[in-house]
Amino acid sequence: MNILMMTNTYRPFTGGVPRSVDTFAAQYRRMGHKVKIVAPTFEGQEEDPDVIRVPALQNFNGTDFSVQLPIPFYLSNVVDEFSPDVIHSHHPFLLGTAALRLAARREAPLVYTFHTFYEHYTHYLPGGDSEAMRRFVSTLVAGYADLCDHVIAPSTSVRDELLRRGVTKPVDVIPTGIDVEALGAGDGAAFRARHGIPKDAFVTGFVSRLAPEKNLGFLCDAALKFLARTPKAWFVVAGTGPSEEELKARFEADPSRDRTLMLGNQAGADLADLYGALDVFVFASQSETQGLVVTEAMAAGAPVVAVRASGVSDVVRDGHNGRLLEREEIDSFVGALGDIRSMDPLDR
């Protein structure tokens, strides 16, 4: 079977959607299917014969996103040559709209994976961050789902929310898979040695795109308060994004700055080593559909402290594999970290 996947974000852009696209494409190919990926151009992209790049405006509105330029019929010839049996859309806008047109013209089934609660991203639109815009976007996305033949939700909580919003097309839950064996093989001791972290340090941290929708202000406040109370604690951040410089400035201005690390994007063995070095993984985003990094941290053996939210609540069980807090309160978050530290057999 020939499967055409269409996404507005893809490598070298870092995020959950590109990783999901790659994971599913790899699995489709292992099953014997042919896969082509349609994505916008991005600065620093690598050439790949199985990736069809569409001209795009770079760094839209000062962000790290690329936005596809609306060029009529740009994809028609190359899509016809590939002759897809199924079209798999990963966004409801831009290339998602093109996916609708291509599926209708070719009379091919259209599958849509709901990756994103777009109402948490309206601050990227010029003058668009309002309650009216958020409601409009939510309604638009539900309408797009009902124009497709089948919908994939990455978590049970997302499926339930889509049904609550009135989606009538079939919705199946298919989380993005992770490589449990590779993540569990990380060398935490080597990571600590590389970055000058003492063996007896209590290490907290997170992996994320560094952007406003990830609730980084709250997480930063909680982490620094925990560091102030815990002299042997360290805090590690992995990721890049539009909030990177703001976060860096906040850490550099804090008395605990010598116990904070910002490492940029981590991948492969480096990422596994990072997870392996953590005593606790922390997360506070309210915009997730599955919290892929939370699952990765757990696969590496790290307990999680997180605020209850869609996606995250599907995998974190309070008191079993971490702490799932009902409210976004700094003292409660810091207290949960302290509770886990008190269970540490090394008594750090």
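## Salt bridges

Lysine 36 and aspartate 50 form a salt bridge in this predicted model, with their closest N and O atoms 3.7 Å apart. The pair links distant parts of the chain, 14 residues apart: lysine 36 belongs to strand β2 (residues 34-40), while aspartate 50 sits in the loop between β2 and β3 (51-54). Aspartate 50 has a relative accessibility of 28%, so it counts as partly exposed.

If you follow the chain back towards its start, you will meet another such pair. Arginine 11 forms a salt bridge with aspartate 22, and here the closest N and O atoms are 2.7 Å apart. Because arginine 11 lies in the loop between β1 (2-6) and α1 (16-30) and aspartate 22 in helix α1, this pair ties together parts that are 11 residues apart in sequence. Arginine 11 is partly exposed, at 33% relative accessible area, and aspartate 22 is also classed as partly exposed, at 25%.

Further along, the side chains of aspartate 221 and arginine 250 meet in a salt bridge of 2.6 Å, N to O. This one runs from helix to helix: aspartate 221 is in α8 (residues 216-229) and arginine 250 in α9, 29 residues apart. Aspartate 221 is partly exposed at 29% relative accessibility, and arginine 250 is partly exposed at 36%. Elsewhere, Glu119, Glu161, Arg164 and Arg165 are joined into one network by salt bridges that share partners. The count for the model comes to 25 salt bridges.

## A sheet and its helices

Now for the strands. Six of them make an open sheet with parallel pairing, in the order β12-β11-β10-β13-β14-β15. At the edges are β12 (260-262) and β15 (322-325), each of which pairs on one side only. Neighbouring strands here are turned against each other by 15 degrees on average, direction ignored. To look at one pairing in detail, try β14 (residues 304-307) with β15: they pair in the parallel sense over 4 bridges, and valine 304 stands opposite glycine 322 in β15.

Two helices lie across strands of this group. Helix α9 (residues 244-252), the home of arginine 250, lies across β10 (202-207), β11 (233-238) and β12, and runs at about 160 degrees to β12. Helix α11 (residues 292-299) lies across β10, β13 and β14, at about 170 degrees to β13.

## A polar contact at aspartate 279

Just ahead of β13 you will find aspartate 279, in the loop between α10 (268-277) and β13 (280-283). Is this residue buried or exposed? Its relative accessible area is 17%, and because the cut-off for buried is under 20%, aspartate 279 is buried. Its side chain makes a polar contact with the side chain of arginine 192, at 2.9 Å.

## Aromatic pairs

The rings deserve a look too: there are 12 aromatic pairs. In one of them, tyrosine 112 and tyrosine 144 have ring centres 5.0 Å apart and planes at 80 degrees, so the pair is edge-to-face. Tyrosine 112 lies in strand β7 (residues 110-113) and tyrosine 144 in helix α4 (residues 131-147), so the pair ties together parts 32 residues apart in sequence.

Both partners are shielded from the surface by the accessibility rule: tyrosine 112 is buried at 0% relative accessible area, and tyrosine 144 counts as buried at 4%. The two tyrosines also belong to a cluster in which ring pairs link Tyr112, Phe114, Phe117 and Tyr144.

Key:
Residues numbered from 1 in each chain as written. Predicted model: local features only at pLDDT ≥ 70, side-chain atom pairs only at ≥ 80, totals over all residues. Heavy atoms only, no water. Buried < 20%, exposed > 50% of the residue type's maximum accessible area, 1.4 Å probe, protein only. Polar contact = N/O pair within 3.5 Å; in protein donor to acceptor, adjacent residues only side chain to side chain. Phe/Tyr/Trp six-rings, centres within 6.5 Å; stacked < 30°, edge-to-face > 60°. Pairing = 2+ DSSP bridges. Axes fitted to C-alpha atoms, helices over the stretch in contact; angles between N-to-C directions. Contact = heavy atoms within 4.5 Å. Salt bridge = Lys/Arg side-chain N within 4 Å of Asp/Glu carboxyl O.
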